[in-house]
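Me: Please go through this structure with me, from the overall fold to the ligand.

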Amino acid sequence: MVQKGVFITFEGPEGAGKTTVIAELYKRLVSEGHNIILTREPGGIRIAEKIRDVILDNNHLEMDAKTEALLYAAARRQHLAEKVMPALRDGYIVLCDRFVDSSLAYQGHGRGLGIDEVLSINEFAIGETMPDLTIFFDIDPEVGLARIAKNDEREQNRLDRESLDFHYKVYNGYQEIIRRYPNRIVKTDASLSELEVTENVWKIICNQLM
Ligand code: TMP
């Protein structure tokens with residue numbers, strides 16, 4: 001695929017504040033006249049949103065870890081094929097709330113399936129399409145989970161409800177992934193105020209787009 005656009009993904013533990021910050025960045029980029037789409041994983045299109053509901057359903061406690069990894073990869077494939085790849089081909093900036101690094105951290109490290117194993121099933125799903133830039137919202141998992149608990153508007157899903165130990169494994173998985181991809185992934189301190197995080201991430205994105 002000849003990619004003309006820019007693919008930017010956002011990663012981090014639960015309660016890192018990604019979603020709010022990305023919405024603000026999207027508004028700023030639109031007002032500057034960029035062609036841009038904002039999307040998320042798992043989801044972003046009809047079929048992947050259905051898969052999301054299956055994965056995150058609080059009643060699906062019996063879901064096997066490999067099934068979970070495969071469902072995320074399936075949702076990712078459909079989302080890429082239907083929405084992200086065409087947008088990149090058309091020269092859009094694509095902002096995506098979570099992508100393959102979430103699978104490597106959550107399923108690879110958190111669930112203990114292995115980062116390389118989860119990468120290999122995802123390579124089948126994504127082919128050559130990797131982000132140009134990934135911003136990691138760095139926050140201690142305990143602080144992030146406490147933020148979620150305080151936020152009445154955010155319903156807790158099956159993954160949010162995992163043990164603190166699981167969320168620390170996910171966090172440590174992210175550290176390993178950041179070591180593997182030092183040129184692609186940039187960390188930002190997500191314990192700062194929303195405004196400070198937005199400004200810091202804005203600078204990182206402007207640098208990338210220059
Ligand atoms: P969200 O809360 O950021 O919308 O993401 C939904 C949940 O799915 C969140 O707990 C992270 C998790 N997740 C994975 O475990 N693997 C993945 O590949 C993705 C994209 C998300």
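The questions below concern a predicted model, and they move from the chain to the ligand.

Me: In what pattern do the helices and strands follow one another along the sequence?
Reply: The chain has eight helices and five strands. Read along the sequence, their order is β-α-β-α-α-β-α-α-β-α-α-β-α.

Me: Why is the chain said to be as compact as a globular protein of that length?
Reply: For 210 residues the globule rule gives 17 Å. The chain is as compact as a globular protein of that length because its radius of gyration is close to that value, at 16 Å.

Me: What box do the C-alpha atoms of the chain fill?
Reply: The box is taken along the principal axes. Its dimensions are roughly 45 × 40 × 35 Å.

Me: In which loop is the proline of the cis peptide bond from E41 to P42 found?
Reply: The bond from E41 to P42 has an omega near -15 degrees, and it is cis. Strand β2 covers 36-40, and helix α2 covers 46-56. P42 is found in the loop between β2 and α2.

Me: What is the phi of R98, and where is this residue found?
Reply: R98 is not a glycine, yet its phi is positive, at about 80 degrees. Strand β3 spans 93-97, and R98 is found in the loop between β3 and α4.

Me: Which residues come nearest to the ligand?
Reply: There are 15 residues around the ligand. By class, this shell has five nonpolar, three polar and seven charged residues. Those that come nearest are E14, Y72, R76, R98 and S103.

Me: Which helix gives the most to the shell around the ligand?
Reply: Three helices each supply at least two residues of the shell: α2 (46-56), α3 (65-89) and α4 (100-110). The helix that gives the most, with four residues, is α4.

Me: How much of the accessible area of the ligand does the protein cover?
Reply: Polar side-chain atoms reach the ligand at several points: an N or O atom of R52 is 2.9 Å from a ligand oxygen, and a polar atom of S103 lies 2.6 Å from a ligand oxygen. In the side chain of Q107, an N or O atom is 2.9 Å from a nitrogen of the ligand. On its own the ligand has 480 Å² of accessible area, and the share that the protein covers is 95%.

Me: Which pocket is the space taken by the ligand?
Reply: The ligand takes up space in the protein that counts as a pocket. That space is the largest pocket.

Key. Residues are numbered from 1 along each chain as its sequence is written. This is a predicted model: local features need pLDDT of at least 70, side-chain atom pairs count only at pLDDT 80 or more; totals for chains, interfaces and linings use all residues. Side-chain values use heavy atoms; hydrogens and water are left out. A residue is near a molecule or strand if one of its heavy atoms lies within 4 Å of it. A polar contact is a pair of N or O atoms within 3.5 Å; within protein, one must be able to donate a hydrogen and the other to accept it, and residues adjacent in sequence count only if both atoms are side-chain atoms. Accessible areas come from the Shrake-Rupley method with a 1.4 Å probe; for residues, only the protein chains shown count as cover. On a 1 Å grid over the protein atoms alone, a cavity is a set of points where a 1.4 Å probe fits but cannot get out, and a pocket is an open set with protein on both sides within 12 Å along at least five of seven lines; lining residues have an atom within 4 Å of a point. A molecule sits in a cavity or pocket if more than half of its atoms lie within 2 Å of its grid points. Ala, Val, Leu, Ile, Met, Phe, Trp, Tyr, Cys and Pro count as nonpolar, Asp, Glu, Lys and Arg as charged, and the others, Gly among them, as polar. The radius of gyration is taken over C-alpha atoms; the globule rule is 2.2 Å times the number of residues to the power 0.38.
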